[in-house]
Amino acid sequence: MRLWCRATLWQWTTLLSVIAMAPGAWAQGPAPKPQASKPVAASKATPSPAAASKPVIDYSERYAANCAACHGNEGRSELPLVPSLAGQHSFYVITQLFLFRDGRRNDHPASAAMSALAKGMSDGDLRGYSEAVARLPAAALTATPAEPAPPPLDAARFERGRQLATAHRCGSCHGADLAGGGQVPRLGGQREDYLQIVLKGFQSGTRLGYTPAMNEALSGLKAEDLDDLAHYLAGTLRESR
Ligand code: HEC
Ligand code: HEC
């Protein structure tokens, strides 16, 4: 535990130096309140004359070229084990890209692929991509899925997952609607197969987040509980369709 705390402090110090250089909302301070993500309009601000001489990098275009093949054009992943990014928050995304770049997120069979991509990114790239991801509409998660259609929800497992989420107060950090905010990720509508890996990783300690919050939140849960939780989280938006 003591070792873990030291790693966390180190990560935060370095991460904050990346975020501190961010334009707009992030320059105000390191810990934006949940739900206080940057408004879309702000990102469309006209560049200053000084910036006009530099080529402006359009990270939404870069997302389309470098990320969409795996994560989906609008951020809804159709690929097994690849997370959807639609509606994810910029602060959460920059933190994860930072962890990948540092090789500190490696609990998934394809973590190495994400790390390899992130290794080539400058701090400006981390910021640009995370803002582009934050512009992907959460509504993409509820769009009619492409083939193959996802398997039907199991009502009993869904209900068990819902009760576990209530009992373990997942919504106290992730929001009652599971939409997350700030550095806490959106969960509702995420892919079930990805969530299964992530929850096991947090519980066994192979996924070390930037905070031990999740490792602690899942202690005491059984393997089948985690699968029911994943079923519930993945199914929440489908239920409301
Ligand atoms: C080859 C497929 C592939 C490409 C291309 C790819 N990713 Fe990923 N990405 C993944 C996989 C698989 C994961 C899950 C890895 C893990 O959990 O360790 C992931 C995870 C992520 C996450 C963490 C999501 C979460 O919910 O925690 C972010 C953010 C991300 N990718 C952003 C990007 C960006 C930005 C690009 C383009 C520069 C990109 N990815 C390109 C496959 C890809
Ligand atoms: C004390 C606050 C807190 C509580 C309670 C909490 N979480 Fe989290 N959760 C977080 C934070 C912060 C992260 C980001 C961790 C990181 O990557 O460093 C996270 C990440 C996650 C992720 C990863 C999402 C992704 O896209 O990779 C999942 C899944 C998750 N939480 C599920 C749950 C579930 C299920 C519960 C209830 C059993 C729960 N959380 C309770 C704070 C919390």
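The protein chain has twelve helices and zero strands. This is a predicted model, so please take what follows in that light. Read along the sequence, the pattern is α-α-α-α-α-α-α-α-α-α-α-α. The chain runs to 241 residues, of which 33% count as buried. As for contacts between residues at least 6 apart in sequence, 73% of them join residues at least 24 apart.

Now the ligands. Which residues are closest to ligand 1? They are Cys67, Cys70, His108, Ala110 and Ser111, out of 22 residues that surround this ligand. Four helices give two or more residues each to that shell: α4, at 68–71, α5, at 90–101, α6, at 111–119, and α7, at 123–134. The largest share comes from α6, with four residues. By class, the shell around ligand 1 holds 16 nonpolar residues, five polar and one charged.

On to ligand 2. Here 24 residues surround the ligand, and the closest are His168, Cys170, Cys173, Gly209 and Ala217. The elements giving two or more residues to this shell are α9, at 171–174, α10, at 192–204, and α11, at 213–217. How does the shell around ligand 2 divide by class? There are 16 nonpolar residues, seven polar and one charged.

Last, one helix pair. Both α5 and α7 were on the list for the ligand 1 shell, and these two helices also meet each other. Their axes come within 8 Å and cross at roughly 140 degrees. Why is α5 called oblique to α7? Angles over 145 degrees would count as roughly antiparallel and 65 to 115 as roughly perpendicular, and the crossing at roughly 140 degrees falls in neither range, so α5 is oblique to α7. The crossing is right-handed.

If you want to find the contact on the screen, look on the α5 side for Ser90, Val93, Ile94, Leu97 and Phe98. On the α7 side, they meet Leu126, Arg127, Tyr129, Ser130, Glu131, Val133 and Ala134. The residues of this contact divide into eight nonpolar, two polar and two charged. The charged ones are Arg127 and Glu131, both in α7, and the polar ones are Ser90 in α5 and Ser130 in α7.

To go back over the main points: the chain is built with twelve helices and zero strands. Ligand 1 is surrounded by 22 residues, and ligand 2 by 24. The α5 and α7 helices, which both contribute to the shell around ligand 1, cross in a right-handed sense.

Terms used. Residues numbered from 1 in each chain as written. Chains lettered and ligands numbered in written order. Predicted model: local features only at pLDDT ≥ 70, side-chain atom pairs only at ≥ 80, totals over all residues. Near = placed C-beta within 6 Å. Buried ≥ 20, exposed ≤ 12 C-beta atoms within 10 Å, placed from the backbone. Contact = placed C-beta atoms within 7 Å. Axes fitted to C-alpha atoms, helices over the stretch in contact; angles between N-to-C directions. Parallel < 35°, antiparallel > 145°, perpendicular 65-115°, else oblique. Left-handed = near helix turned anticlockwise from the far one by under 90°.
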